[in-house]
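Work through the exercises below with the sequence and the coordinates at hand. Each task is followed by a solution in steps.

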Protein chains: 2
Amino acid sequence: MTGSGQPLGEFDRIARFFAPLSRGAPGAFGLTDDAAVLPTQLGRNWVVTVDALVAGVHFLPDDPADLVARKALRVNLSDLAAMGAEPYGYTIALALPRDQADAGDWLERFSHGLAEDQERFGVCLLGGDSVSTPGPVSVSVTAFGLAAAERVLRRSGATPGDSVWVSGTIGDAALGLDVVQGRITGGFDDLADRYRLPRPRIALGRGLVGLATAAMDVSDGLVQDAGHLAARSGVAIDVDAPAVPLSASAVTLVGHGGPRRRYRA
Amino acid sequence: MTGSGQPLGEFDRIARFFAPLSRGAPGAFGLTDDAAVLPTQLGRNWVVTVDALVAGVHFLPDDPADLVARKALRVNLSDLAAMGAEPYGYTIALALPRDQADAGDWLERFSHGLAEDQERFGVCLLGGDSVSTPGPVSVSVTAFGLAAAERVLRRSGATPGDSVWVSGTIGDAALGLDVVQGRITGGFDDLADRYRLPRPRIALGRGLVGLATAAMDVSDGLVQDAGHLAARSGVAIDVDAPAVPLSASAVTLVGHGGPRRRYRA
């Protein structure tokens, strides 16, 4: 029915676009039952996180559907990484505008995006719900990972004297939104990519278990998120602005962070 | 800030309305971390289900917020019941209109509704996400239950010769929607209640483990859902219309189901 303009029923959507994504997941039952089963993993606990994205708020209404899918999955995988968990699978609740004429094409691209990142991160779809909405597209993902019992990274473990480390480069996604929305011109596709497609630090998160005293993923910006970690740990964090790693594009746009400043988060 | 017309930030919403609902849940970390932990339960598996509700589609925009919350929770608990699982907890992704002036009042009622049903069903909030939307209110709940390993009720186990049983009375929620929307007049508040507030058959589901060959909850209507179960089990189901239990109100409105008919699902 792709592109026919005929609305796809929920069962058609699930059978055609989503059930194939559950292949190989024990307990997903091919998305044909009332619920899924997460098999007990001896010595390991399940780690669960949920993040929702809404068109016009968390992504742009004309963003490609495959990138929307991958972003929805990755923001959740990033939370698992921040806990030091190994990704396992996810459920998805998708609300699509009921009059969306190209729903079939959109879903095709959306499910291809999921398939691509399932392969990359070793996860599969465990269940979901597909509904109509009079509003914009919205995607809510619940992601499941595994962590050795009592060995998750928390926000609350930092103590005075700890050093603060970041991975990758900071601020690219915020600049990328400016690129995507035309406030920054002259290229910088690398920054746009960083806005559209977060990079969950799965291996790093798992490697930090037992080493880091606290961890979190940066989603609201370095200074704000450092503040959240500081609050949970009952410490203050000095952010040494010139020491923050920036991408070449960010340096081109904003320089090296200017004179040394200390933000007390 | 209730009723001030000031938009509530995500952190305010979580701290004020949702964190208290996680109290006592080990691994929820008071909703202050990147993810929650589901502790391993020896000999039992986690059962997971997700259902999303959108205002104007699954509930009426002016339905009381506490009933919306309870319905969102209960449709998921009903799926757990259909698998024979014991409810444990849930995560929630809530999208609220960004210009909703009474968001504080709405959230207060919404969280009270959750608290009431948490008490009733012995579950607690494990995590969530709270976002703004240019569209209608939407609520996506992922519910977690526990079941003895290899002992979940599936849709696929029915065999020829099995009897089909239903719990409660059939069709009340569909009639209740007609009542709520004014197509049926003259009272029938009991039917409106059935539309607004599903009744998860938790004890029944758990009691049926090891007895029933297959099970599911009725959400699309008896004949349609019997068809789903029949398809998954590879059987046909005869529905003996006059034998279907109806409430007194339904009998008043539609009679006793008329002459004996057999639907072959």
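The exercises cover a sheet, two helix pairs and two loop residues.

This is a predicted model, in which local features need pLDDT of at least 70, side-chain atom pairs count only at pLDDT 80 or more, and totals for chains, interfaces and linings use all residues. Residues are numbered from 1 along each chain as its sequence is written, chains are lettered from A and ligands numbered from 1 in the order in which they are written, and side-chain values use heavy atoms, without hydrogens and water.

**Exercise 1. The sheet**

Task: give the strand order of the open sheet and find the strands at its edges.

Solution. Helices (H or I, at least four residues) and strands (E, at least two) are DSSP runs, numbered from the N terminus. Two strands pair if DSSP finds at least two bridges between them.

Step 1. The order of the five strands is β4(A)-β3(A)-β5(A)-β2(A)-β1(B), with mixed pairing.

Step 2. The edges are β4 (124-133) of chain A and β1 of chain B; each has a single partner strand, so one side of each lacks a neighbour in the sheet. From one strand to the next the twist averages 20°, where angles run from 0 to 180 degrees between N-to-C directions and axes are lines fitted to C-alpha atoms, for helices over the stretch in contact.

Step 3. Take the pairings in turn. β2 (residues 44-54) of chain A is antiparallel to β1(B) over three bridges, and Trp46(A) has Leu38(B) as its bridge partner in β1(B). β3(A) pairs with β5(A) in the antiparallel sense over nine bridges, with Pro87(A) opposite Gly145(A). β3(A) and β4(A) run parallel and are joined by nine bridges; here Ala93(A) stands opposite Asp129(A).

Step 4. Eleven of the twelve residues of β3(A) are buried, so this strand is largely enclosed by the rest of the structure. Buried means under 20% relative accessible area, exposed over 50%, and partly exposed in between (1.4 Å probe, protein chains only).

**Exercise 2. Two helix pairs**

Task: describe how α2(A) crosses α3(A), and how α1(B) crosses α3(B).

Solution. Two packed helices are described by the angle between their axes and the distance between the axes.

Step 1. The axes of α2 (residues 65-83) of chain A and α3(A) come within 6 Å and cross at roughly 40°. α2(A) is therefore oblique to α3(A): under 35 degrees counts as roughly parallel, over 145 as roughly antiparallel, 65 to 115 as roughly perpendicular, and the rest as oblique.

Step 2. The crossing of α2(A) with α3(A) is right-handed, meaning that the near helix is turned clockwise from the far one by less than a right angle; anticlockwise would be left-handed.

Step 3. Among the residues in contact (heavy atoms within 4.5 Å) are Leu73(A) and Leu77(A) of α2(A) and Phe110(A) and Leu114(A) of α3(A).

Step 4. For α1 (residues 10-18) and α3 (residues 103-121) of chain B, the axes come within 10 Å and cross at roughly 40°. This makes α1(B) oblique to α3(B), and the crossing is right-handed. Arg13(B) and Phe17(B) of α1(B) are among the contact residues, as are Leu107(B) and Ser111(B) of α3(B).

**Exercise 3. Positive phi**

Task: where do Phe188(A) and Leu31(B) lie, and are they buried or exposed?

Solution. Step 1. Phe188(A), not a glycine, has a positive phi near 60°. Phe188(A) lies in the loop between α4 (172-180) and α5 (189-196) of chain A, and counts as buried at 18% relative accessibility.

Step 2. Leu31(B) has a phi near 60°, also a positive value in a residue other than glycine. Leu31(B) is in the loop between α1 and β1 (36-38) of chain B and is buried, with a relative accessible area of 16%.
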